[in-house]
Amino acid sequence: MSMIGEYLRVTAAELGRATREPDWALDLVEEVQDAEEETEPAPAEARHFSTYKAWDMLRFLLARVEFPVNVIHGEEPFAEDEDWGYGPPRYLRPERVKLAAEALRASSYGQLVRGVDPAELTSAEVYPLRWGEPGALEWGRPWYDGLTQFFEAAARADDAVLVWLD
């Protein structure tokens, strides 16, 4: 079984309802995932985005640069008694989404991996533990670029973002 980083853009009204009715939020997640699975929108157009297994690598890289927003795990808990795969979901308020979008845009993937030795990821036990393979650091680039586009679109729409590991 894999651990996958998951995101869902929600309006302020949807965020309010999600925090009051976590079952509704999970239904919304499944509805959006099903709809977008067929259309496969680009990250800037999508309501749902996944960093696939790259979530932990991105966490590691962002922590190295003291990234100002926890875009990997979210910041505010809700549905604390629920398990959306690997624990309860969290969320980022619209103002934190905007800050994250600005910081992601200002930090290129090349900057994040500059000076990183893949052995650092191995010794830190960064999931999925295949850092000795050639080009391993480049593996995370498309996920980071997609995450940046997703957050920029969410910020433009003044959306909040639900975050969870599945």
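1. Nonpolar cores. In this predicted model, the largest nonpolar core holds 38 residues, and Tyr-7, Val-71 and Phe-151 touch the most other members. The elements that give two or more residues to this core are α3 (55-64), α4 (94-106), α5 (109-113), α7 and β5. A second core is separate and has 15 residues, among them Leu-8, Leu-28, Val-32 and Tyr-91.

2. The sheet. Five strands make up an open sheet, and their order is β2-β1-β5-β4-β3. The pairing is antiparallel. β2 and β3 (76-77) are the edge strands; each has a single partner strand, so one side of each lacks a neighbour in the sheet.

3. Strand β1 and its partners. β1 covers residues 5-10 and pairs with β5, residues 160-165, in the antiparallel sense over six bridges. Within this pairing, Tyr-7 has Val-163 as its bridge partner, and Glu-6 stands opposite Trp-164. Toward β2, β1 is joined by four bridges, again with the strands running antiparallel. Here the bridge partner of Leu-8 is His-48.

4. Burial of β1. Six of the six residues of β1 are buried, which leaves the strand mostly covered. Gly-5, Tyr-7 and Arg-9 point one way from the strand, and Glu-6, Leu-8 and Val-10 point the other way. The charged names in this list deserve a second look: Arg-9 and Glu-6 are both buried. The two cores can also be read against this pattern. Tyr-7 belongs to the largest core, whereas Leu-8, which points the other way from β1, belongs to the second one.

5. Strand β5. Is β5 enclosed or open to the outside? Six of its six residues are buried, so the strand is largely enclosed by the rest of the structure. Ala-160, Leu-162 and Trp-164 point one way, while Val-161, Val-163 and Leu-165 point the other way. β5 also pairs with β4, in the antiparallel sense, over three bridges. Val-163 therefore has a residue opposite it in each of two strands, given the cut-off of at least two bridges for a pair: Tyr-7 in β1 and Arg-90 in β4.6. Helix α1 against the sheet. Helix α1, residues 12-20, packs on the sheet and touches β1, β4 (90-92) and β5. The direction of α1 makes about 120 degrees with that of β1.

7. The largest pocket. The space in the largest pocket is about 240 Å³. Its lining consists of Gln-33, Glu-36, Glu-37, Glu-40, Pro-41, Pro-43, Ala-46, His-48, Phe-49 and Ser-50. α2 and β2 each supply at least two residues of this lining. His-48 appears here as a lining residue and is also the bridge partner of Leu-8.

8. Glu-40. Where does Glu-40 sit? Glu-40 is in the loop between α2 (22-39) and β2 (48-52). Its phi is positive, about 45 degrees, although the residue is not a glycine. With a relative accessible area of 65%, Glu-40 counts as exposed, because the cut-off for that term is over 50%. Glu-40 is also one of the residues that line the largest pocket.

9. The loop between α6 and α7. Tyr-127 and Pro-128 are joined by a cis peptide bond, with omega at about 10 degrees. Pro-128 lies in the loop between α6 (118-123) and α7 (141-156). Leu-129 is found in that loop as well. Leu-129 has a positive phi of about 65 degrees and is not a glycine. The relative accessible area of Leu-129 is 54%, so this residue is exposed.

10. Lys-53. Is Lys-53 buried or exposed? Its relative accessibility is 16%, and Lys-53 counts as buried because the cut-off is under 20%. The residue lies in the loop between β2 and α3. Leaving out residues up to four places away in sequence, Lys-53 touches Ser-2, Met-3, Ile-4, Tyr-127, Pro-128 and Trp-139. Two of these contacts, Tyr-127 and Pro-128, are the residues joined by the cis peptide bond. Arg-64 is eleven residues from Lys-53 along the chain, and the C-alpha atoms of the two are separated by 19 Å.

Note on methods: Residues are numbered from 1 along each chain as its sequence is written. This is a predicted model: local features need pLDDT of at least 70, side-chain atom pairs count only at pLDDT 80 or more; totals for chains, interfaces and linings use all residues. Side-chain values use heavy atoms; hydrogens and water are left out. Buried means under 20% relative accessible area, exposed over 50%, partly exposed in between (1.4 Å probe, protein chains only). Contact means heavy atoms within 4.5 Å. Axes are lines fitted to C-alpha atoms, for helices over the stretch in contact, and angles run from 0 to 180 degrees between N-to-C directions. A nonpolar core is a set of buried Ala, Val, Leu, Ile, Met, Phe, Trp, Tyr and Cys residues joined through side-chain atoms within 4.5 Å. On a 1 Å grid over the protein atoms alone, a cavity is a set of points where a 1.4 Å probe fits but cannot get out, and a pocket is an open set with protein on both sides within 12 Å along at least five of seven lines; lining residues have an atom within 4 Å of a point. Grid points are joined across faces, edges and corners, and a volume is the space filled by probe spheres set on the points.
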